[in-house]
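The paragraphs below walk through one structure, from strand pairing to domains, core and helix packing. Keep the sequence and the coordinates at hand while reading.

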Amino acid sequence: MVQTLAHTTHDGQADGDSAGLICTGLSKSYWGVPVLKDVDITLRPGNVIGLIGENGAGKSTTSSIIAGIVEANGGSMTIDGIPYEPARPSDALKNGVALIHQEIRMVPELSVAENIFIGRLPRRRGVIDRNRINDEAREYLELVGSQTDPRRPVAGLSIAAQQEIEIARALSREPKYIIFDEPSASLGQAETQHVFAQIAALRQRGVGIVYISHRLEEIKEVADTIVCLRDGALVGNWPASEITKDEMVKAMVGRDFVFSHRAPKPATSEVALSVTGLSKAGVFAGIDFDVHRGEIFGFAGLVGAGRTEVVRTIAGADQADAGEIKVHGEVVQIRNPRSGIDAGIAMVPEDRKGQGLNLDRTGAENITLPWEKELSSAGIITKKKVTSTANKLRDFLDIRGRLDIPVGSLSGGNQQKVLLAKWLVNEPKILILDEPTRGVDVGAKMTIYETIRALAETGVGVIVVSSELEEVLGLSHRVLVMSGGLQRAILDRADATPEAVMALALSNVPKESPLESPIDGEAEYQTTIRTQEN
Amino acid sequence: MAIIDRNMTPPRPDSSPAHGEVAPTSAASVNTSRFRRIMSQIPGPLIGLIVIFVALSFLSPYFLTPRNLLNILSQVSAVGVMSVGALLIILLGGIDLSVGSVLALSSMSMAAMYKMAGWPFEVALLAGLIVGALVGLINGILTAYGKLQPFIATLATMSAAAGLALFITNGNPITGFPDWFIAITATSILGIPIEGVILVAIFAIAAFWLKFRPSGRALYAIGGNEEVARLSGLPVRRAKILVYTIAGLLAAVAGLLVTSRLDSAQPTAGAADLLNVIAVVVIGGASLSGGSGSLLGTFVGLLIIGVLNNGMSLLNVSANLQPVVIGAVIAAAVLTDRKSSRRHT
């Protein structure tokens, strides 16, 4: 099954054909440690290559070399037979190679058009020619199907809208080759489909595309060819139509490994968390659900549906306007994160870097941060205590890497495990996980899933919010589906098929959203639900 | 405090070694890397201090006398006490511009209550300390609850406190304090001036707090990433208010030391201290963006400033040129510090 020959593509182009971007024997090492070994990739115009591999397999290094961000130690690249040796990103752009970063990099205060043309703003009599950039920006935005006004500032736009701008910015360079580095990591299903539509349009125009993603289903959908890296070496190159997901996983991790979710053990009848009528004006309204002890309760919905906002409110990160929260049957007043923690509610937030971890501090310090008072004796906390507490959790979560170095130097998967460990120092009654495996490799993902199940089996009530349907449906006993800030339904595991959940997630928000006027909204929300039940 | 039972081990998909593990390197490179590691553990400011110290020992015969060295400790005591508060605030990612004015205001308040209002001196002294803490409390409330940027909030209180200090006596100094009060800055214990003892004690207490007490360690977390700290349940606003209040109190303590040394409360005392205080903290390796810095570094920074000023006076460097040298040292300290921290990553 595994072919190591990179020069044959499924449309039958011959080896000697020099059309396209051809990388031969790319190698890179840092301080003597090889991170990329002799990688061959052939990207033809109008072709889409799906690049897969675990974190640290060399995907980012490959794309950085092609985009001129880092220089290879060995190997060569040609474009249409002409040697291509980019020393910096601007060289790559001049040669028609653009990279769309995983993380969106925008200047929020500047306008959409200014962000698109940043660094090369056209001037007229010494000042920026606004009419010109707005007109041109509009053209590129239309190309990606965006309705965003180029004159408005980027601040306040949704992540999906910003992703469109990011693509429009790449297009404005009129590239012949585009690398998408995990564009869907921060997008929901609908936004991802939108990106795919744009990729299809680009391919029609003869643009060659490298698409990097951890989501194997979608990469199969979008790519013509799938290339897999493992430990810096190319281990597979297949036509996308001829490979299954299990085979991809096998190639990535280098071992047999079934990517399946076993059914969770049944939950108890004891209620761990009970939420009634939780509302926050303009954000979400009328949220009602119970989570049992031992239950994994999923939150599904599109990005922007209000899932994160609901769980943040339960954990005390934001304040509700109305509603009641009970933990183990007792009403709790949650005014801030501390009172949430004291009530036994722990939350692993979605944004690891901005909200979860202090990247400059060590792993051990991050893990014990919320618990220093509990871990100190006579008001004094020692490094020994911090280290020993962290080490216990390191073994439990299979964290690979040192915990006495800044946590920012660990891989994404290990960072996520450190973040999870932080909330397991003191066993929570309720554990909320918002996007628990974002930007995490397959191996770490499995450990995290098993940990979630193991915790539920000890009687913790677990809430999982995820944009990956497979993840949330595979883990959960029941799934709450949200759209437009409203709770659409709670589905049992048996009923929670991807089709059913997507249909609910896409259900229309009433034109006059109840969120605009929370008081009248109550009633209107009830009618919405009733119509749905009928 | 029930730490999860570790017997509950989740099954793992594999047990292959972690990525990126490097094979053992040769003995020679181990040696150089060990040397480098030891070198990188010596803080840059300390190396700077030793260089300056050795240079001055050769340049001036008076420099390396015990009397002169103890003198330096006395000279820097007021700035040193304030720099403790400044470090705490800078760890939080804040800044306090009001320290110099608070020094003057608390000194003038104490003097006015003693001399003009006729309060017992001990009560007046306590009131002076409370005035300093109060201004700090206002700084804390403005930044924590008013959400003012610390620069703006403390700019406002700096102006107000400076004005009040002048208003009390219409700009005139107040003199004539009890003998025991004057003696604080004129007496030594075992050869060490009392103000030096006070200075070191304040550094030691604060360093202990930062290293071992959860509420002290929290400052690093808050300064490193406030949202992470908040979501971890740390009392961010309470910590800010506490730290600004401590800084105000310490500025008042510095005010008492200055008043004692001069036997006079001056409404414009401390006006030049602000920049020295920030210079000390920055030379000591703290980052103005918060989350990194140590009191040991700050103490070394304090000695660098003290030794430099003292040495330049001994060498008859023009008083007008001395700030130029200090400026160069600030830039050099931060430049080398940035280089070494880049090397670490």
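How many bridges join strand 13 of chain A to strand 14 of chain A, and do they run parallel or antiparallel? Six bridges join them, and the two strands, residues 271-280 and residues 284-292, run antiparallel. The model is a predicted one, and what follows is computed from it. At one position of this pairing, V271(A) stands opposite H292(A) of strand 14. The connection between strand 13 and strand 14 of chain A is a hairpin with three residues between the strands. In its turn, G282(A) has a positive phi of about 80°.

Strand 13 of chain A also pairs with strand 16 of chain A, residues 322-327, through five bridges in an antiparallel arrangement. Here V275(A) has I325(A) as its bridge partner, and S274(A) has K326(A). K326(A) is in turn the bridge partner of V331(A) in strand 17 of chain A. Two bridges join strand 16 to strand 17 (residues 330-331) of chain A, again antiparallel. Strand 16 and strand 17 of chain A form a hairpin too, with two residues between them. H328(A), in that turn, has a positive phi of about 50°.

The next level is the division of chain A into domains. The assignment gives domain 1 as 21-105 + 176-253 and domain 2 as 271-533. Taken over C-alpha atoms, the centres of domain 1 and domain 2 of chain A are separated by 33 Å. Contact between the two involves 13 residues of domain 1 of chain A and 15 residues of domain 2 of chain A. On the domain 1 side, helix 6 (189-204) and helix 8 (245-253) of chain A each supply at least two of the touching residues. By class, that side of domain 1 of chain A has six nonpolar, four polar and three charged residues.

Which residues have the most contacts inside the largest nonpolar core? They are Y211(A), I432(A), V462(A) and I463(A), in a core of 245 residues. Helix 12 of chain B, residues 236-262, gives the most to this core, with 15 residues. From chain A, the core draws at least three residues from each of domain 1 and domain 2. In soluble globular proteins, nonpolar side chains tend to be buried together. I432(A) gives a local view of the core residues named above: leaving aside residues up to four places away in sequence, I432(A) touches V311(A), I314(A), A315(A), I345(A), A346(A), M347(A), V348(A) and I463(A).

Chain B can be described in outline before one of its helices is examined. Chain B has 345 residues, of which 45% count as buried, and contains 15 helices and four strands. Among the contacts in chain B with a separation of 6 or more, 77% are between residues 24 or more positions apart.

Helix 10 of chain B, residues 214-224, is mostly covered, with ten of its eleven residues buried. The buried residues are P214(B), G216(B), R217(B), A218(B), L219(B), Y220(B), A221(B), I222(B), G223(B) and G224(B). What do the buried residues of helix 10 of chain B pack against? Within chain B, they pack against helix 4 (77-91), helix 9 (194-212), helix 11 (226-231) and helix 12. From chain A, helix 13 (372-375) joins this set of packing partners. Helix 12 of chain B thus appears here as a neighbour of helix 10 and, earlier, as the helix that gives the most to the largest nonpolar core.

Conventions:
Residues numbered from 1 in each chain as written. Chains lettered and ligands numbered in written order. Predicted model: local features only at pLDDT ≥ 70, side-chain atom pairs only at ≥ 80, totals over all residues. Buried ≥ 20, exposed ≤ 12 C-beta atoms within 10 Å, placed from the backbone. Contact = placed C-beta atoms within 7 Å. Core = buried A, V, L, I, M, F, W, Y, C linked by C-beta atoms within 7 Å. Domains from an automatic or database assignment. Nonpolar A, V, L, I, M, F, W, Y, C, P; charged D, E, K, R; others polar. Pairing = 2+ DSSP bridges.
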